[in-house]
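Here is a walk through the inside of this protein: its cysteines, its cores and the empty spaces between them. Have the model open as you read.

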Amino acid sequence: MQPYFFPYVGYIALVEAVDRFIIFDTPQYERKGWMNRNRILNPSNDWQYIHAGVVKPRFGASIRDVKLVQSTDWKKRLFRQLEHYKKFAPYYSDVISWLESVFTPKYRTLIELNVGTLKAVCSVVGIHTPIEIFSDLHLSINSVPHAGAWALEISRCLAAKTYTNPINGRKIFEPQEFTSAGICLNFLQHKLPEYSQGYRPFISGLSIIDVLMFNKPKEAREIICDYELVV
């Protein structure tokens, strides 16, 4: 999977569901994707984006080449955006203290930030799946005829017996290619259960930060694990 910024529970569920999680860091960076932004509640009954500050990349830059803005302005803005949770989120203080520790390392690139924060999220909810970066593995990949074949070739190189992907990406795969390679292809479908967001109407699919604001780590893990694997 590509590296996302404090992703929603379905992404964390994928980490929980597998034996080995590979961060795919070589595709082209998408400026308006989830790589440097996500969603939280805003002070009214709606949502807002939070962002990691990135230096404007050159056209066609890969994810691994995207650098972070080294001023602390974007971090300060993120904490300001979270302040309104103090009024109605029971674990606001815990989450803010945790985030302060998460941001303590001096991340230089977006990939360092997203991998570091993903590992921090997994640690707090008790997920211990190894998380690795694709470019660090130096795999010898065969020709890749279409987007879905990347997962097949990486799985083949790692001698995987099963490859799991979020169900909303199903259309890019050719199942018969996996069958021919002796690799089981399945898909994770998350149920996205509701949880209390204080007095507000529930908004689904927000950043894991929102989940942790309203749930103890054990409860957050139960929400994360509310999924099924389908073929």
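## Cysteines, cores and hollows

Cys122 counts as buried, at 3% relative accessibility. Keep in mind that this is a predicted model. How many disulfides does a search of the whole structure find? It finds 0. Cys122 is in no disulfide, and the nearest cysteine sulfur, in Cys225, sits 11 Å away. Cys157 is unpaired too: its sulfur is 19 Å from the closest cysteine sulfur, that of Cys184, which is too far for a bond. Cys157 counts as partly exposed, because its relative accessibility is 33% and the buried class stops at under 20%.

Now for the cores. In soluble globular proteins, nonpolar side chains tend to be buried together. Here the largest nonpolar core has 61 residues, and Phe6, Tyr85 and Met213 have the most contacts inside it. Helix H4 (residues 110–125) gives this core its largest share, 9 residues. Apart from it lies another core of 8 residues, including Ala151, Phe173, Leu185 and Phe187.

Tyr85 is a good place to zoom in on the big core. Leaving aside neighbours within four places in sequence, Tyr85 is in contact with Ile40, Leu41, Tyr92, Asp210, Met213 and Phe214.

For H6, the buried residues are Ala149, Ala151, Leu152, Glu153, Ile154 and Ser155. What covers them? The cover over the buried residues of H6 includes helix H5 (134–137), E5 and helix H7 (175–180). Just after H6, Ala159 takes a positive phi of about 60°.

On to the empty space. Rolling a probe the size of a water molecule over the atoms shows where empty space is left. The search of the whole structure finds 1 cavity of 30 Å³ or more, and there is a largest pocket to set beside it:

| Space | Volume | Nonpolar lining | Polar lining | Charged lining |
|---|---|---|---|---|
| Largest pocket | about 1,300 Å³ | 25 residues | 14 residues | 5 residues |
| Largest cavity | about 60 Å³ | 8 residues | 2 residues | no residues |

The lining of the largest cavity is made up of Val9, Leu192, Pro193, Tyr195, Phe202, Ser204, Gly205, Leu206, Val211 and Ile223.

The largest pocket is lined by 44 residues, and Met1, Leu14, Tyr163, Thr164 and Asn165 lie nearest its centre. Helix H1 (9–17), strand E1 (21–23), strand E2 (37–41), helix H6 (149–157) and strand E5 (162–166) each give two or more residues to that lining. Which of them gives the largest share? That is E5, with 5 residues.

Leu14 deserves a closer look. This residue is found in helix H1. Is Leu14 buried or exposed? Leu14 is buried, because its relative accessible area of 2% falls under the 20% cut-off. Beyond its neighbours within four places in sequence, Leu14 is in contact with Met1, Phe21, Thr164, Asn165, Pro166 and Leu188. Of these partners, Met1, Thr164 and Asn165 also appear among the residues nearest the centre of the largest pocket. The C-alpha atoms of Leu14 and Ile40 are separated by 21 Å, with the two residues 26 apart along the chain. Ile40, in turn, is one of the contacts of Tyr85.

Conventions
Residues are numbered from 1 along each chain as its sequence is written. This is a predicted model: local features need pLDDT of at least 70, side-chain atom pairs count only at pLDDT 80 or more; totals for chains, interfaces and linings use all residues. Side-chain values use heavy atoms; hydrogens and water are left out. On a 1 Å grid over the protein atoms alone, a cavity is a set of points where a 1.4 Å probe fits but cannot get out, and a pocket is an open set with protein on both sides within 12 Å along at least five of seven lines; lining residues have an atom within 4 Å of a point. Grid points are joined across faces, edges and corners, and a volume is the space filled by probe spheres set on the points. Helices (H or I, at least four residues) and strands (E, at least two) are DSSP runs, numbered from the N terminus. Ala, Val, Leu, Ile, Met, Phe, Trp, Tyr, Cys and Pro count as nonpolar, Asp, Glu, Lys and Arg as charged, and the others, Gly among them, as polar. A disulfide is a pair of cysteine sulfur atoms within 2.5 Å. Buried means under 20% relative accessible area, exposed over 50%, partly exposed in between (1.4 Å probe, protein chains only). A nonpolar core is a set of buried Ala, Val, Leu, Ile, Met, Phe, Trp, Tyr and Cys residues joined through side-chain atoms within 4.5 Å. Contact means heavy atoms within 4.5 Å.
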